[in-house]
Amino acid sequence: MDQKSSVGLDHYWVVIRRQWKTIVALTTIGILAAVGYLSLAPAQVTATTLLNVNVIVSDPFNPSKASSALLDATTETQLATSHAIAKAAAAAMPHGDGVDALRSGVAVTTDANATTLKITYTSSTPQLARSGADAIATAYLNYRHTQALTKQRKLQGQLEGQLAALDKRLASATPSQAPSLLTQIGSVQSHLNVLSLIDTEGGTILNPAEENAVSYQPRPAIVVATGLFSGLALGLVIAFVFNVLDRRVRDWYDVRGAGAGPVLARLRNAEATIPASGADLDNFRVIRERLLADMGQCMRVLTVIDEAPSLPSDVAANLAVAFAQSGTPVVLVLMGASGESMAPLVGGLQLAVLKSDCNGLTLRSERLKSLTVLRPDAPKEDFGADDFVTELVRSEIIGQAPGTLVLLALPPHAPHASRLAAARLSDAVLLVAECHRTKIDELARDASEMAELQSTVVGTVLVPTGRNAVESRGQKKAGRLHHEKESVGARY
């Protein structure tokens, strides 16, 4: 299998996995519609009677032609479905269906190169269907017998009249006339003998309706299967339509399609703590190791662009903690961070103020000595280079000590120009996307712009819908005991 076909099958599987609820729902609706149709549609039962039609000929012992060649299928079909046959069949079963029902429900099938004939009759119950099929078959055979017998008797009467006239002439004939009259008499008697040998029976019933299985319409199995496959087909079509129309990020497939690099991790917890714990902590360590393996010593400045529209995510802060835990000096630059978003960091990391001036606030973690947090303030006037990437941020990057990682964190509301400025100053860019909220087009735009700026998009981190950072009970307690927290909080 080539690469293109593999990608195509992969796409189909992804769509089915995402939209399985839609497919199951429409398939269920199809089955329920089929069951509803079966409960409302009138049941029809068809019974079959098999006949062997007797081909009535003047010379039954003449083998020149097969009997099937002498049988006119069209004539026999019209005869079996005629009003006369239906009337006779209705008279034979007073508690069965009427003449009109018999005519509308009967069907005749003839077999090629054979004298067999199938009469099928459809009614509301198996009893009525079987009795109707047998009654029509019997009436049809009786009708053929009656017609043949009437014709035979008529011919016999004509020949007997001729024979009587010849006998009368013979009684008064001259010796010269007698031989001729005797020849004619012998011929007429020969015809009478042949006529008496003709079988006028219409035929025989080989298999009565009681011996044959009845069929039901509509067939429950076929109707339910049709409803199932119709619902499944419609579900698949709707699933692919929904997948095209829904432009929200859901998993790695959308990230890859947007060109936003691999998914470095997918966080599962709806509430996050700083520092992370449990499965989240392991995920951030995985991100750290993958970034170090990909960029290594070349990564001096890392920008985290947050595309989570609900709330600023904890990814940048916890990633900074993960790097600091490995012994790497880290400067976490929180641009545009609010007091509400700073509270979990202050309590969780036990941040203490190192420096505070008009340009911003610098804090140091007492839990991780290698972690410094910088929150720059926007310029008081509109004469600065950027509201987020301020001169303080630029000077921090320029004056960066060897071996130090500067991590620039941009919130969802960061201006477009600030994102470009931060990416231009960075060695790598990490994107954060919120499942079912972040648009695929936004990730694609970020990836395209980073490529134009020759900035490397190292990957994307997926966070659940509505994920936000909260303070745990232990963090709140530690924050109350920490003598610097109140003064730091006042700064926000």
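# A tour of two helix pairs and two buried residues

Helix α6 passes helix α7 in a left-handed crossing. The model on screen is a predicted one.

**Stop 1: α6 and α7.** Select residues 126–171 for α6 and residues 178–197 for α7. Their axes come within 10 Å and cross at roughly 160°. Angles over 145 degrees count as roughly antiparallel, so α6 is roughly antiparallel to α7.

Now show the side chains in this contact. On the α6 side, pick Gln152, Leu155, Gln156, Leu159, Glu160, Gln162, Leu163, Leu166, Asp167, Arg169 and Leu170. On the α7 side, the residues to pick are Ala178, Leu181, Leu182, Gln184, Ile185, Val188, Gln189, His191, Leu192, Leu195 and Ser196. Coloured by class, the contact of α6 with α7 shows twelve nonpolar, seven polar and three charged residues.

**Stop 2: α2 and α8.** Select residues 20–40 for α2, then add residues 220–245 for α8. The two axes come within 7 Å and cross at roughly 150°. That angle makes α2 roughly antiparallel to α8. The crossing of α2 with α8 is right-handed, whereas that of α6 with α7 is left-handed. By class, the contact of α2 with α8 has 16 nonpolar and six polar residues, and no charged ones.

**Stop 3: Leu351.** Go to strand β10, residues 351–357, and select Leu351. Is Leu351 buried or exposed? Its relative accessibility is 0%, so Leu351 counts as buried. Add Thr362 to the selection and draw a C-alpha to C-alpha distance: it should read 9.4 Å. In sequence, Leu351 and Thr362 are eleven residues apart.

**Stop 4: Ser455.** The last selection is in a loop: Ser455 lies between α15 (440–452) and β15 (456–463). Ser455 has a relative accessible area of 8% and is therefore buried, the cut-off for buried being under 20%.

What is Ser455 in contact with, leaving aside its neighbours within four places in sequence? Select Ala423, Arg424, Ser426, Val429 and Met450 to display these contacts. For Ala423, turn on the backbone atoms as well: its backbone oxygen lies 2.8 Å from a polar atom of the Ser455 side chain.

Notes. Residues are numbered from 1 along each chain as its sequence is written. This is a predicted model: local features need pLDDT of at least 70, side-chain atom pairs count only at pLDDT 80 or more; totals for chains, interfaces and linings use all residues. Side-chain values use heavy atoms; hydrogens and water are left out. Axes are lines fitted to C-alpha atoms, for helices over the stretch in contact, and angles run from 0 to 180 degrees between N-to-C directions. Helices (H or I, at least four residues) and strands (E, at least two) are DSSP runs, numbered from the N terminus. Angles under 35 degrees count as roughly parallel, over 145 as roughly antiparallel, 65 to 115 as roughly perpendicular and the rest as oblique. A crossing is left-handed if the near helix is turned anticlockwise from the far one by less than a right angle, and right-handed if clockwise. Ala, Val, Leu, Ile, Met, Phe, Trp, Tyr, Cys and Pro count as nonpolar, Asp, Glu, Lys and Arg as charged, and the others, Gly among them, as polar. Buried means under 20% relative accessible area, exposed over 50%, partly exposed in between (1.4 Å probe, protein chains only). A polar contact is a pair of N or O atoms within 3.5 Å; within protein, one must be able to donate a hydrogen and the other to accept it, and residues adjacent in sequence count only if both atoms are side-chain atoms. Contact means heavy atoms within 4.5 Å.
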